[in-house]
Amino acid sequence: MRVRNRKGAAEYLAANPQYVILNPEDSKGKWRQVFGNNHPIHIEVGSGKGRFITGMAAQNPDINYIGIDVQLSVLSYALDKVLESGLPNIKLLRVDGSSLTNYFEAGEIDLLYLNFSDPWPKTRHEKRRLTYRSFLETFEQILPPGGEIHFKTDNRGLFEYSLASMSQYGMVLNQVWLDLHASDYEGNVMTEYEEKFSKKGQVIYRLEAQFDKPKKV
Ligand code: SAH
């Protein structure tokens with residue numbers, strides 16, 4: 001998601017500390033305190049303008065959500081939506097998905113969403129894809145054993161790559177949708193990109209993948 005620099009975005013984010021966590025390393029291991037309850041915590045890495053995360057938070061008041069994006073201006077648009085919603089179960093973080101172990105303790109996150117992640121189609125950019133093995137390693141560390149990643153995209157190349165990358169990593173693909181909108185999947189919350197691409201007639205792919213659970217002995 002490319003947006004023009006928004007003037008005053010940094011000041012705007014800093015002025016809303018109830019929603020934007022500015023020193024997230026201080027919250028490592030304490031996210032349940034940050035939210036003030038023991039509800040599960042779900043995160044979206046690459047949350048863009050925040051439509052998905054606010055929609056999910058509205059639909060599921062007993063789950064806490066954290067939207068994560070590296071881009072300041074993009075995150076400031078997500079803040080618009082969060083402020084408008086007034087919801088208590090949502091926070092925003094401006095950090096890189098590769099550094100999440102600095103901000104979350106092992107198993108602190110219950111579920112991780114990736115939606116319409118940048119495809120980085122050139123082979124030499126493979127390591128930037130959010131389903132590259134180094135990202136999967138990071139995500140595995142902050143999820144509980146047997147934790148899940150739910151991923152949606154319109155990009156067939158990235159979807160094919162992710163299926164292979166996740167299975168090579170040893171993840172189990174619990175469910176795969178090759179055309180989400182034509183399926184009987186219920187409760188889908190659309191993202192900005194999902195709306196844009198599906199309007200153009202592109203199919204939406206989805207998968208639910210699970211990290212290895214410790215084997216029972
Ligand atoms: N999920 C939104 C936005 C998708 S665009 C939607 O579906 O509409 C992808 C987003 O991922 C961009 O906003 C980009 O800034 C963010 N992003 C890309 N690489 C990232 C990384 N390493 N860590 C965190 N966010 C990242």
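The following exchange goes through the ligand site and several individual residues of a predicted model.

Biologist: Which residues come nearest to the ligand?
Modeller: The ligand has 19 residues around it. By class, this shell holds seven nonpolar, seven polar and five charged residues. The ones that come nearest are Gly46, Asp69, Gln71, Gly97 and Thr191.

Biologist: Which residue places a polar side-chain atom 3.0 Å from a nitrogen atom of the ligand?
Modeller: The residue lies in strand β1, which covers residues 41-45. Its relative accessible area is 2%, and the cut-off for buried is under 20%, so this residue is buried. The polar side-chain atom at 3.0 Å from the ligand nitrogen belongs to Glu44.

Biologist: How much of the ligand does the protein bury?
Modeller: Backbone atoms also approach the ligand: a polar backbone atom of Gly46 is 2.9 Å from a ligand nitrogen, and a backbone N or O atom of Asn115 is 3.0 Å from a ligand nitrogen. Taken alone, the ligand exposes 580 Å². Of that area, the protein buries 95%.

Biologist: Which pocket does the ligand take up?
Modeller: The shell around the ligand is mixed, with seven nonpolar, seven polar and five charged residues. As for the space that the ligand takes, it is the largest pocket.

Biologist: What separates the C-alpha atoms of Glu44 and Asp69?
Modeller: Glu44 sits in strand β1, and Asp69 is among the residues that come nearest to the ligand. Along the chain the two are 25 residues apart. Their C-alpha atoms are separated by 8.5 Å.

Biologist: Is Thr131 buried or exposed?
Modeller: Thr131 belongs to the loop between β4 (111-115) and α5 (133-142). Its relative accessibility is 2%, and buried means under 20%, so Thr131 counts as buried.

Biologist: With which side chain does the side chain of Thr131 make a polar contact?
Modeller: A polar contact requires a pair of N or O atoms within 3.5 Å. The pair that involves the Thr131 side chain is at 2.7 Å. The partner is the side chain of Ser162.

Biologist: Phe116 and Trp120 are both in the loop between β4 and α5; what is the phi of Phe116?
Modeller: Phe116 is buried, with a relative accessible area of 7%. Phe116 is not a glycine, yet its phi is positive. The value is about 55 degrees.

Biologist: And what is the phi of Trp120?
Modeller: Trp120 counts as partly exposed, because its relative accessibility of 28% falls between the limits of 20% and 50%. Trp120 is a residue other than glycine, and its phi is positive. The angle is near 40 degrees.

Biologist: How many residues separate Leu92 and Tyr113 in sequence, and what is their distance in space?
Modeller: Leu92 has its place in strand β3, residues 90-93, and is buried, with a relative accessible area of 0%. In sequence, Leu92 and Tyr113 are 21 residues apart. In space, C-alpha to C-alpha, the distance is 14 Å.

Biologist: Is Glu11 buried or exposed?
Modeller: Glu11 is found in helix α1, residues 9-14. From Glu11 to Ser76 the C-alpha distance is 9.7 Å, with their positions 65 residues apart in sequence counted as the separation. The relative accessible area of Glu11 is 56%, and the cut-off is over 50%, so Glu11 is exposed.

Biologist: How far apart in space are Asn64 and Glu108?
Modeller: Asn64 is found in strand β2, residues 64-68. At 1% relative accessibility, Asn64 counts as buried. Asn64 and Glu108 are 44 residues apart in sequence. C-alpha to C-alpha, they are 12 Å apart.

Notes:
Residues are numbered from 1 along each chain as its sequence is written. This is a predicted model: local features need pLDDT of at least 70, side-chain atom pairs count only at pLDDT 80 or more; totals for chains, interfaces and linings use all residues. Side-chain values use heavy atoms; hydrogens and water are left out. A residue is near a molecule or strand if one of its heavy atoms lies within 4 Å of it. A polar contact is a pair of N or O atoms within 3.5 Å; within protein, one must be able to donate a hydrogen and the other to accept it, and residues adjacent in sequence count only if both atoms are side-chain atoms. Accessible areas come from the Shrake-Rupley method with a 1.4 Å probe; for residues, only the protein chains shown count as cover. On a 1 Å grid over the protein atoms alone, a cavity is a set of points where a 1.4 Å probe fits but cannot get out, and a pocket is an open set with protein on both sides within 12 Å along at least five of seven lines; lining residues have an atom within 4 Å of a point. A molecule sits in a cavity or pocket if more than half of its atoms lie within 2 Å of its grid points. Ala, Val, Leu, Ile, Met, Phe, Trp, Tyr, Cys and Pro count as nonpolar, Asp, Glu, Lys and Arg as charged, and the others, Gly among them, as polar. Helices (H or I, at least four residues) and strands (E, at least two) are DSSP runs, numbered from the N terminus. Buried means under 20% relative accessible area, exposed over 50%, partly exposed in between (1.4 Å probe, protein chains only).
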